[in-house]
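This report looks at one predicted model, with attention to a single acidic side chain and to the relation between two chains. Please read it beside the sequence and the coordinates.

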Amino acid sequence: MILARVVGTVVSSHKAPKIEGIRFLLLEKIDPVTLKGKNDFVVSMDSVGAGTGEIVFYVSGSSARFTEVTEGKPTDSAIIAIVDNIEKDGSFTYQKSQ
Amino acid sequence: MILARVVGTVVSSHKAPKIEGIRFLLLEKIDPVTLKGKNDFVVSMDSVGAGTGEIVFYVSGSSARFTEVTEGKPTDSAIIAIVDNIEKDGSFTYQKSQ
Amino acid sequence: MILARVVGTVVSSHKAPKIEGIRFLLLEKIDPVTLKGKNDFVVSMDSVGAGTGEIVFYVSGSSARFTEVTEGKPTDSAIIAIVDNIEKDGSFTYQKSQ
Amino acid sequence: MILARVVGTVVSSHKAPKIEGIRFLLLEKIDPVTLKGKNDFVVSMDSVGAGTGEIVFYVSGSSARFTEVTEGKPTDSAIIAIVDNIEKDGSFTYQKSQ
Amino acid sequence: MILARVVGTVVSSHKAPKIEGIRFLLLEKIDPVTLKGKNDFVVSMDSVGAGTGEIVFYVSGSSARFTEVTEGKPTDSAIIAIVDNIEKDGSFTYQKSQ
């Protein structure tokens, strides 16, 4: 799974029938130490109710179809967790504000 | 899923039997903020009737077989949505002209 | 799918039993606009009778097993089409000579 | 599979139901000769009880679902081995301390 | 499939039960023209009895589970052929010594 920040949304009115009603979020991959965006983006299906600005991790490939929201859908990316904290070498690089 | 612009078509008269009758579009990946092409191309099966110049997103890998058009086909890329708008940090970076 | 030129062959007498009798072609990925090779190579199973010098596109990942030649084989790359022409922004960047 | 060092953990209280109770470790890919980190990170499900500082290898893609811990889970990365030693060209580049 | 040279081994005494008894080889990807190593490494399951110094090609992704040795295993890389020769544009870039 890859860490990323939710930075926006992608809207489509003309799409494959199987993906009607699903939210597509624009994610920017981040460096897990500095938390800076890498200017590398992916459109991901949301399975957890993530919002703009939150740090999440998403699953790629066939496993993106293994959430309750995305089962059987044509998807290669699904957000499966909103991150509370990232710890590296004993220190937090990120802690979600309460 | 990855954002891209439809920039052309690829035609083949000699191909695997299972992919007869399918349209192959040439996509150029774009930066979702500047909308500029990245000079990185992929040949994708069209499942939504996309046309040249439109911004779309496509699904890669095994999930490319999960649309009605591509089921059971040897494909690793399928266009699943024509994009209406892209919103990043509260502003539109792209809005499809009416 | 990715566009490439057939540049050679790879021969092995000692291999997994399931891939006996299959042709392995050496492909060099190309830029679809300039048609120049990218010095990036892949070994692909041929499902369409492609020959050296031809421009083809191949499918990667699990879908490489979805041709009649490659079904059930341990393969992550299969040539599925010999390209007749590539059109970008209304002009041909490639037309196969007759 | 790719060699990496366990450098931390990622904690989430809001995630897909199927991944409750699984440990998510932060891995940094390493050069197998110098053992230096590549500043390239992945979040991986632990199937072997790996700890911070250990060198492991992980499996990516659909096969990440093929361990006892990760079966049926939405995962694209699972740690499947803690490395004892790495040998290259007849010399050890890494030997786990006893 | 990707061409690589077998450069070593990776040993683990603590690993997922399903991969007990399998040999893990360290591969370095090579340029198929110059045969030089690319300093890019992967740990691969051996299905053909490859030895150090040999040039092989391996399969990635789900298809790595489609050899007799690796069936049902958590693997994303399996060596499926020891290469005898590589031919590019009519000349051999590699011929295995007898």
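## Terms and basis

A polar contact is a pair of N or O atoms within 3.5 Å; within protein, one atom must be able to donate a hydrogen and the other to accept it, and residues adjacent in sequence count only if both atoms are side-chain atoms.

The model is predicted, so that local features need pLDDT of at least 70 and side-chain atom pairs count only at pLDDT 80 or more, while totals for chains, interfaces and linings use all residues. Residues are numbered from 1 along each chain as its sequence is written, chains are lettered from A and ligands numbered from 1 in written order, and side-chain values use heavy atoms, without hydrogens or water.

## Surroundings of Glu87(D)

Glu87(D) belongs to strand E7 of chain D, residues 85-88, where strands are DSSP runs (E, at least two residues) numbered from the N terminus. The side chain of Glu87(D) makes a polar contact of 2.9 Å with that of Thr9(E), and also reaches the backbone nitrogen of Asp89(D) at 3.5 Å.

Glu87(D) is buried (under 20% relative accessible area, 1.4 Å probe, protein chains only), yet has no salt bridge, a term for a side-chain nitrogen of Lys or Arg within 4 Å of a carboxyl oxygen of Asp or Glu. The nearest side chain of opposite charge is Arg23(E), 7.9 Å away.

## Chains B and C

A turn of 72 degrees with a shift of 0.0 Å along the axis lays chain B on chain C with an RMSD of 0.0 Å, superposed by least squares on C-alpha atoms of residues with pLDDT of at least 70 in both. That is the relation of a five-fold axis.

Technical notes:
Helix = DSSP H or I, 4+ residues; strand = E, 2+ residues; numbered from the N terminus. Buried < 20%, exposed > 50% of the residue type's maximum accessible area, 1.4 Å probe, protein only. Lys, Arg positive; Asp, Glu negative; His and termini not counted.
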